Amino acid sequence: MKKTINSEKAPKAIGPYSQAVEANGTLYISGQLPVDVATGKFVEGGVKEQTEQVMKNIGYILEEAGYTYKDVVKSTCLLSDISGFAEMNAVYGEYYKEECPARAAFAVKDLPLGALIEIETIAVK
């Protein structure tokens, strides 16, 4: 059975996709951008600030679906410039201190709306 998850605390999808979909005890969270729902805009600052907002948005979706960061098994981190890896990694590490999820991180040519970071997440109950 498939269930669509949407949190009012996280930014709405900017295209024909869902914030997340849960199927058979697995939650698939679409790539999250650093949008602050209160302003509808990217948070000010660089990779560090944008990563913090992305991780908060992931947390809102996890919470809406009844999951926590401890349930995350895989993340894919997309950076507009790999030179921001250390800053992203430092913030990311604040959310996953023990039993860290599997992860891939790489640079891409461009991200939607000019974001510096986007992270997609998979969690399992």
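**View 1. The second largest pocket of this predicted model.** Let's start here, with a space of about 230 Å³. Eight names make a handy checklist as you follow the wall: Tyr69, Lys70, Val72, Tyr95, Tyr96, Lys97, Glu98 and Glu99. By residue class, the lining splits into four nonpolar and four charged residues, with no polar ones.

**View 2. The largest pocket and its lining.** Here the pocket holds about 280 Å³ of space. Its lining is made up of 19 residues. To find the centre, look for Ala10, Pro11, Lys12, Ala13 and Val35, which lie nearest to it. Two strands are worth tracing as well: E3 (26–32) and E5 (41–42) each give at least two residues to this lining. Sorted by class, the lining has ten nonpolar, six polar and three charged residues.

**View 3. Helix H1, residues 47–65, from end to end.** This helix has 19 residues, and at 1.5 Å a residue it should span 27 Å. The C-alpha atoms at its ends are 27 Å apart, so the model agrees with that expectation.

**View 4. Buried positions along H1.** Follow the helix from its start and you will meet the buried residues Val47, Gln50 and Thr51. Further along, Gln53, Val54, Met55, Asn57, Ile58 and Gly59 are buried too. Ile61, Leu62 and Ala65 complete the buried set.

**View 5. Gly66, just after H1.** Step past the helix and you reach this glycine, whose phi is positive, at about 85 degrees.

Notes. Residues numbered from 1 in each chain as written. Predicted model: local features only at pLDDT ≥ 70, side-chain atom pairs only at ≥ 80, totals over all residues. Heavy atoms only, no water. Helix = DSSP H or I, 4+ residues; strand = E, 2+ residues; numbered from the N terminus. Expected span 1.5 Å × (residues − 1). Buried < 20%, exposed > 50% of the residue type's maximum accessible area, 1.4 Å probe, protein only. 1 Å grid on protein atoms, 1.4 Å probe; cavity = no way out; pocket = protein on both sides within 12 Å on 5 of 7 lines; lining within 4 Å. Points joined across faces, edges and corners; volume = space filled by probe spheres on them. Nonpolar A, V, L, I, M, F, W, Y, C, P; charged D, E, K, R; others polar.
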